[in-house]
Amino acid sequence: MLKRLYKVTALLLAMLLMLSATAGNASPAAADDSSFAAPAGEASAIVGTVSDERLEHNYTMVSAGYSFPDYSGEDVIWSMDTCMNSDGRNYLTVDTFGYGPGTKAAKLEAGDSFDMTVEVPENGLYFIGFDYLSYDESILPIELSLKADGIYPFYEARSLKFETTWASRDTKSIDRYGNEIVVMPDKLKRWEYKDLSDSGYRYSAPLKVELAKGIHTLTIDVTEGHFLLGDLTLTAPKKPEAYTGSPAAEGDALIIIEAEDFYLRNDSSIHAIGEYETDISPTFVRETKLNTIDEASFSDAGQTITYLINADKAGYYNIALNYRQSEKSEFPVFVNYMIDGHVPNSEFENYPMTYTAKYKTETLKDGDGNKLSVYLEAGEHALSLTISADPVRPALEEVDRLISEISDLSLEVKKVAGSNRDKYRDLRITRYIPGVAETMQDWVNRLYDMTAKAGGYVGTDNPEKVAAFSYLLIAAKQLKTLAEEPNDLVYRVDELATSSNSINTQIANFVDIINKNSLAIDRIYLYQNDAKLPKKPGFFKALGLKAGRFFYSFFGQSYSSSNTDKTHIQVWVNRPRQYVEIMQKMIDDSFTPATGIEVDLSLMTDAQKLILSNASGDTPDIATGINYSIPFELAIRGALVDLTKFDNYREVFSRYSDGLLVPSVVGDGLYSLPETMNFYSLFCRTDILDKLGLSAPDTLDELIAMLPDLQMRGLNVFYPSASMTGMRNFHATTPIIYQNGGKLYGKTALELMLDSERTVYGFTELTELFTLYDLPVDVPNFYQHFRNGDLAMGIADFNCYNLILNAAPEIANSWTISPVPGVYDESTGEVNRYMSGGAESTVMFSSDDERELKAWRFMDWWSSAPVQAEFGQMLQIMYGDEYIWPTANLEAFELLPYPTRDKDIILEQAGAILEAPRLLGSYMLEREMSNAFNDIVVNGKTVRARIDDAVKVIDREVKRKLEEFEYIDEDGNELKTYYIPSVERVREILER
C-alpha cells in the first residue's frame, strides 16, 4: 500500500510540474515561469547531442583564444622518477622492457591516478608527448585523461588514446580448402612515443597546450590499459614544410608494393581481403587470395598502415596507387602520406583520394596537376598512410552545434506547448519564443553554407551530387518550411529532433557518412618518369578469367555441407563466414591435433534448416549459433542428446549463469549449451543527467521518481518492449514480474500462475510504466534517440551497447552503463534485477555413442573459457571493435577486451539473468502476454480482466499440447508429470 501511495504521489508531482510547464499557454509572461529558471537558458544547458563543454571548450574554441606564441626551443624532457608525485603510492618500476640503463617508468593500469610536477622554461604553446609501452595482450588502446593545474586544458583532454603497433606475420594462412585467410597480427611490446592527440582524430596535428613559464602540475587519470609510462617531453610545435614544387623524378626505377602486404598498423583490425576483380593483383580463379585492403577495415580517421620499401638507388620518386573509394559518392577521402615518419611537405597532408566506384591507378599530384615526388636515399624506408578527417572537421563541429541548438529548441517548444499538440489549437509560439523564425532561418543559411563549401572538394557547384551533404540539404529544406510557419512548431515539434525522420536525424546521417572513410588499396607504386607501370588485363584476358571463375563456382564450395567428409564430426554454424573461418582454423590448429577428432564446419544461413533436416534424417552432429528457443522444439521431439549423459557435464554447465540454463531444461535433462548471451543494462546520458543533478537509479521506484524531472523537460526513458513491433517477447514482459517475485508457472505445466497475485502485480507495474508514467510505447530505434538525447536513459541489450560504443563517436565520454534498476526485496535486503539474457546456443543431434562422445569433446572444448576468450579476442583483433563477442561463459567474458569500466557491470547483471521456461504451449503464453500488454497499454483494457482472458486461451493450448505428447489423456487426466524448468530445477540436475 505504501509503495502504491508513493507512486501515486510521484505521479501527482509529475502532473503538477507538467501543468506548470504548460501554464505558459495562458499568457506570454508564463514563458518566464520561475519553476523553469529562465527556460531558454536552461534548455541550452540541459540537452543536445553534444554537451556544452564539448561545444564551448573544445580544442578549436580554446586554441582560438591562445595568446602565447609557439615554443621554439629545445625539447624539455622530464623522467618519471623526478617529476612523479603519487601521494605515497609507488608506481615506479625498474622492469622497463629495455627502456634504458638505470631508467625508471611508472607501471599503471585502469583506475590509477597521479600527479607530475614539471617546470616550463617559457611562456608558449607546447606539444606534450609521452613514452609508453603496453605490456598486456589487450587490443584496446591505452586511454587516459590529462589535467593541467587541476583543469582540463580543452575538452579533448578528457579522453586521450595511445595506440600500440601491430606487426603482420611473414607466413600466410591457408585454410583446408586452399583459400588464403586473414592472419592474426602480433602486438609489438615496444616503447612508443606520441604527442597529445584528439581521440576522435578530427585533428591531423597534435594538440597544443598553452603553458606559462614556471612550475605546473599535470594530473593523469588512467581509464584503460596496463602499461608503462616513461619520459614526458615538451616539444616545439612543428608543421610539414611548405610545398614549393616537386623536382622531376628522373630515371627508370620502379618499386611495386602489394598493398595487402603492409608491415605495421596501429589498429589490429586493418586487414586484407580477397576480391575477385580482374583489375587488381594478384587475380585468382579458384582458390581465394588476399589481394587488397578491406575498405571496411581501413575507414576510420587516425588509422595508419606502414610499408617497408627498398630503394635500390637514391633519387626522386613519384607515388601512385591502384585504389577504390566508393563509399563517399562524389566526395574524397583524405590521407596523410609519411616517409620515415614525417610528412614530406604540405601537399602530402590531407591529400584527397577522389571517388571512384572501380579500381583505378592514380599518381599523386599537386593542385596544378604536377606529379608529387619524394626523395629517397638508397636503402630501406617506411611509407605510411593515415586516414585524416581534418578537412571536414569544421563541418563536423558546425553540425555538432546545430544538433545541440535544434534539440534545445525542441525542448523549449515542449515546455511552452506541453504534451497536447493539437493542430487545431490556437497557440502562437512566436509570442513565447521571440525570434524563433529568425533562428531557424539562420540554421538554414548555415546548412546551405556548409553544402556550398563541399563543392570546393569535388569541383562542382551542385552540392546535391555529394551524397553526404544531400542530407544537410534535406534538413535545410525541412527547416525552411518550419521557419516560414513557425507557429506550426506546436504540432510539428517532433520534426526537430525526436522523430525517425527528424531534422537532427538527417544531420546525424550526414555525420555517419562523412565519418566513413573507406579506402581499398590494391597496389602502391613508387616510380620514376621513365618506368612503365604494369598494365591491367586486356578485354579478352579479363573475359577468360571471368569465365574460369564462373565455371569453378559450381564446384567445391567451401564450408558447405555438400563438401564435407561424413566420417568427420559435422558442425553447422549459423554465423557469417568470418566467424566460421576463425573457428575452423582454431579447430585445425588446436582441437584436432590434441584429440585426433576431425571436424568439418558448414555455413548454415537459416536455423530453420535444422527442422527440415531433422524431418529428412540428414542432421549434423552439432549445430551452433542457433536461437536459444529452438533447442526445446527439437529436444521435445527426441532429436537432441541429453547432455547430462556425459561424465563431466557438471563442470561444463557450471560455466554459465544458472538463470541462462533454464531454456536448456527438458524433463530431467539439459539439451543445449549457451554460446552467447544478450545482456541488458541501463544506459545513461551522463552529460544530461549531471546537469539535472540526477544519477543512475538503483531501483524501479527511483527511476519512477526521476520521471517528473525528465518529462517536464521533454525527456524520457526507454524500456525494451518499446522497440518490439507487434510481438513483445519474454525479454520485455517477464523481467518486472520476476523482480516482484512473480511466476509464470507452479511446479508443473498444469499450474499456470499468470493470474497469481505477485505475477499480476508485476505485470501491472510493467504496464503502468506506459499508462501511468508515460514512457514511450513505440521506439523503433533507441540508439538514435539516445544519440539525440531525448531518451536520456534506457534499458537496452548487447546490440544497442555495441552500436553506441562503436557508432556514436559524438557522445563518447558522455554516457555510461549501470545495472538494471530492479525491485527492492525487503526479505533479503537486496535489489532483484532479473532480466532475460538468452541469445544463441549449441546442441547435439542423436547418433551412435562413438560419434556422440566425439561431438561432446568438441562441445566441451568449444565452450571452455580459454577457447571462447581466444575466439573473442581473435574476432576483435582481426575484424574490429564492432565484432564484440558476447560469450555466455562468464570466466571467458572476464578475459575479453571489453572496456574496463563496463565489464564489471555486465558481469554483475549477467548474474541476474533469469530466462522464462520453454515448454509445451509456452509459445501461446508468450503471445498472449504480448497481446495483453498491447490491449492494456494501447487499447486501455484493465489488467485483471485481460489477464483472465489470457489464462483461458493459454490453458486450453497447453492442455492440447500436453495431450499431443501424451502427458494427459483426452479427459485431462495426468498420465505423467511435466515439471516446469526453473533455476531450482537446473540446480537439482547439476547436483544429482
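Me: A helix is a DSSP run of H or I with at least four residues, and helices are numbered from the N terminus. In this predicted model, which helix holds T595?
Reply: The model is predicted. The helix in question covers residues 577-595. T595 therefore lies within this run, counted as a helix, and the helix is α14.

Me: Is T595 buried, partly exposed or exposed?
Reply: A residue is buried under 20% relative accessible area and exposed over 50%. The relative accessible area of T595 is 24%. This value lies in between the two cut-offs, so T595 is partly exposed.

Me: How many Å separate the C-alpha atoms of T595 and F298?
Reply: Along the chain, T595 and F298 are 297 residues apart. In space, the separation of their C-alpha atoms is 38 Å.

Me: What is the order of the five strands in the open sheet?
Reply: The pairing in this sheet is mixed. The edge strands, each pairing on one side only, are β30 (599-603) and β34 (673-674). Read across the sheet, the order is β30-β29-β31-β41-β34.

Me: What is the angle between the direction of helix α25 and that of β41?
Reply: Helix α25 (residues 849-863) packs on the sheet. The helix touches β29, β30, β31 (622-627), β34 and β41 (840-844). The direction of α25 makes with that of β41 an angle of about 155°.

Me: In which sense, parallel or antiparallel, do β29 and β30 pair?
Reply: Strands of a sheet pair through backbone hydrogen bonds, in one of two senses. Strand β29 covers residues 569-573, and five bridges link this strand with β30. At one position, Q570 stands opposite D600 in β30. The sense of the pairing is parallel.

Me: Which residue of β15 is the bridge partner of V120?
Reply: V120 belongs to the covered face of strand β5 (residues 113-120), together with F114, M116 and V118. Strand β5 is joined to β15 (residues 214-224) by eight bridges, and the two run antiparallel. In β15, the bridge partner of V120 is G214.

Me: Which residue of β5 is the bridge partner of M84?
Reply: Strand β2 (residues 84-85) runs antiparallel to β5, with two bridges between them. The uncovered face of β5 consists of S113, D115, T117 and E119. The partner of M84 is on the covered face and is M116.

Me: Is S681 buried or exposed?
Reply: S681 lies in strand β35 (residues 681-685). Leaving aside neighbours within four places in sequence, S681 is in contact with G794, I795, A796, I817, S818 and V820. The relative accessible area of S681 is 1%, and the limit for this class is under 20%, so S681 is buried.

Me: Where does Y201 lie, given that its phi is a positive value in a residue other than glycine?
Reply: Phi of Y201 is near 55°. Y201 is buried, because its relative accessible area is 17%. Y201 is found in the loop between β13 and β14 (209-211).

Me: How many charged residues are in the lining of the second largest pocket?
Reply: This pocket has a volume of about 1,800 Å³. Of its 48 lining residues, the closest to its centre are D195, S204, P206, M338 and G341. By class, the lining has 18 nonpolar and 17 polar residues, and the number of charged residues is 13.

Terms used. Residues are numbered from 1 along each chain as its sequence is written. This is a predicted model: local features need pLDDT of at least 70, side-chain atom pairs count only at pLDDT 80 or more; totals for chains, interfaces and linings use all residues. Side-chain values use heavy atoms; hydrogens and water are left out. Two strands pair if DSSP finds at least two bridges between them. Contact means heavy atoms within 4.5 Å. Axes are lines fitted to C-alpha atoms, for helices over the stretch in contact, and angles run from 0 to 180 degrees between N-to-C directions. On a 1 Å grid over the protein atoms alone, a cavity is a set of points where a 1.4 Å probe fits but cannot get out, and a pocket is an open set with protein on both sides within 12 Å along at least five of seven lines; lining residues have an atom within 4 Å of a point. Grid points are joined across faces, edges and corners, and a volume is the space filled by probe spheres set on the points. Ala, Val, Leu, Ile, Met, Phe, Trp, Tyr, Cys and Pro count as nonpolar, Asp, Glu, Lys and Arg as charged, and the others, Gly among them, as polar. Buried means under 20% relative accessible area, exposed over 50%, partly exposed in between (1.4 Å probe, protein chains only).
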